[in-house]
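Here is a friendly walk through one protein model, with pockets, a side-chain neighbourhood, cysteines and backbone details along the way. Have the viewer open as you read.

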Amino acid sequence: MKLWRPTSPHIWQGRDDSAEASNALRLFQTIAHTDCFAPKNSGIALLGFECDAGVKRNHGRPGALQAPDVLRKALANMASQEGHARIIDMGTITVEDDELEAAQRALSDAVQTCQQSGMRTLVFGGGHETAWAHGRGVLDAFAQERVVIINLDAHLDLRKAEHATSGTPFRQLAQYCEAQQREFQYACFGVSRAANTQALWDEAARLNVTLVEDLDFRRAALPTLEKVLAQADRVYLTIDLDVLPAGEMPAVSAPAALGVPALDLLPVIGEICRSGKLQAVDLVEFNPTYDRDGQGARLAARLAWQIAHWWA
C-alpha cells in the first residue's frame, strides 16, 4: 500500500516478567505484528497516522507526526489482560511533505478494508485531520447503517477552510454525508465555549450537533450519551487529547485552560465501549515535543489500554 510502512519490532519492548508465571505478560509480548498490510477477520487493527500537515495548516504547534510510535512505546510495557491479545499492529500511514489529502485517502482505504474484513480500528494520530480520514473509512464500510460520530474535544472542528486542516474534519464529514444523502450524526462532549467562536456554535446548531460543554460534563454527559447511543448502529469515537486539562495533558497543540479530567472521561468512554456499537477509535493531537517526563504519553496510552480492555 502506498504511503504505508510496517512498525519496527524495536518499538515493542518492555520488562519481561514471564519467569514469574505464564500469564505475567505485557503488551509487547502479546501484540501481533504484520510485515504487509493484510487485515484479519477479527481483532483490533492498530494503525498509526504520522501527520503534522493538518496542524500546520491550522496554525497550531507542529510535532504530532511523532505521536504514533511514542504512544506505541508507552503502551508496550503495560500489562496484557483481557482483550489486549486481540490487537494487531497494522503499521503506519505517513504523510510526505504537505500531501495530506493523499495520506488521508490512504488511511480511509486502510480503515475501510480492515472494517469490512471484520476488524475494529484503533488509530494513533496525527492531528485531528485524522478524523476526516478515519471517519470516512467507517462511513464507507457501513454505508447502509447509522454511524454516530462521538468527539471528546474542547473544539468543534467545524471550521471553513480552503484546504483540509486539523480544524475541518467534522465539516468535511458533514459535507460527505450530505453528498451521500445520509444523516450526519455528530456529538461533541467536553466542548469549551471559550475555545470556539460564535460562528462555530452557529454551524453546530445548523448541523444539529449534540453538545455537552466542559462545565456541564459531570452532570450531563452520561444522560446525553444514552440518547446518542440509542440512535446508533455503529459508533466512531474520536478523542482529541486537548479535551483533558493542561495539567494532565500538556503534550498537545492547544492545551486546555480548563478541560475535562480523565477520571470524568473514563465513565463515558466505558459506556461507549460496553454498548456493543463501538467500531472505531482514534486518539489525536498528542505532541511529544511538549510532553513532561512522558506524562502525556502514559495517560494517552492508558486510555488506549482501557479501551482495548473494555472493547473485549
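Which element gives the largest share of the lining of the second largest pocket? In this predicted model, the answer is strand 7, with 3 residues.

## Two pockets

Let us stay with that pocket for a moment. The second largest pocket holds about 190 Å³ of space. Its lining is made up of Val148, Glu183, Phe184, Gln185, Tyr186, Ala187, Leu207, Asn208, Thr210, Lys227, Val228 and Gln231. Two elements give two or more residues to this lining: strand 7, which covers 185-191, and helix 8, which covers 217-230.

The largest pocket has a volume of about 290 Å³. It is lined by 18 residues, and those closest to its centre are Asn58, His155, Asp157, Ser166 and Ala254.

If you are thinking about the chemistry of the two linings, this table sets their residue classes side by side.

| Pocket | Nonpolar | Polar | Charged |
|---|---|---|---|
| Largest pocket | 4 residues | 9 residues | 5 residues |
| Second largest pocket | 6 residues | 4 residues | 2 residues |

## The surroundings of Asp140

Next, please find Asp140 in helix 5, which spans residues 130-141. Is Asp140 buried or exposed? Its relative accessibility is 17%, so Asp140 counts as buried, the limit for that class being under 20%.

Leaving out residues up to four places away in sequence, Asp140 touches Arg105, Gln112, Gln116, Tyr176 and Gln180. One of these neighbours, Gln112, is 28 residues from Asp140 in sequence, yet the C-alpha atoms of the two are 6.4 Å apart in space. With another, Tyr176, the side chain of Asp140 makes a polar contact of 2.7 Å.

## Cysteines

How many disulfides does the model have? The count comes to 0. For Cys36, the nearest cysteine sulfur belongs to Cys114 and is 12 Å away, and Cys36 is in no disulfide. Cys36 is partly exposed, because its relative accessible area of 46% falls between the limits of 20% and 50%.

Why does Cys177 form no bond with the closest cysteine sulfur? That sulfur, in Cys188, is 16 Å from the sulfur of Cys177, which is too far for a bond because a disulfide needs the two sulfur atoms within 2.5 Å. Cys177 is buried, with a relative accessible area of 1%.

## Backbone details worth a look

A few backbone angles also deserve your attention. The peptide bond that runs from Gly125 to Gly126 is cis, and its omega is near 20 degrees. Gly126 sits in the loop between strand 5 (120-124) and helix 5.

Which phi value does Gln181 have? The phi of Gln181 is positive, about 55 degrees, although this residue is not a glycine. Gln181 belongs to the loop between helix 6 (169-179) and strand 7. With a relative accessible area of 76%, Gln181 is exposed, since the limit for that class is over 50%.

Glu285, also not a glycine, has a positive phi of about 75 degrees. You will find Glu285 in the loop between strand 10 (278-284) and helix 10 (295-311). Glu285 has a relative accessible area of 6%, so this residue is buried, as the value is under 20%.

Key. Residues are numbered from 1 along each chain as its sequence is written. This is a predicted model: local features need pLDDT of at least 70, side-chain atom pairs count only at pLDDT 80 or more; totals for chains, interfaces and linings use all residues. Side-chain values use heavy atoms; hydrogens and water are left out. On a 1 Å grid over the protein atoms alone, a cavity is a set of points where a 1.4 Å probe fits but cannot get out, and a pocket is an open set with protein on both sides within 12 Å along at least five of seven lines; lining residues have an atom within 4 Å of a point. Grid points are joined across faces, edges and corners, and a volume is the space filled by probe spheres set on the points. Ala, Val, Leu, Ile, Met, Phe, Trp, Tyr, Cys and Pro count as nonpolar, Asp, Glu, Lys and Arg as charged, and the others, Gly among them, as polar. Helices (H or I, at least four residues) and strands (E, at least two) are DSSP runs, numbered from the N terminus. Buried means under 20% relative accessible area, exposed over 50%, partly exposed in between (1.4 Å probe, protein chains only). Contact means heavy atoms within 4.5 Å. A polar contact is a pair of N or O atoms within 3.5 Å; within protein, one must be able to donate a hydrogen and the other to accept it, and residues adjacent in sequence count only if both atoms are side-chain atoms.
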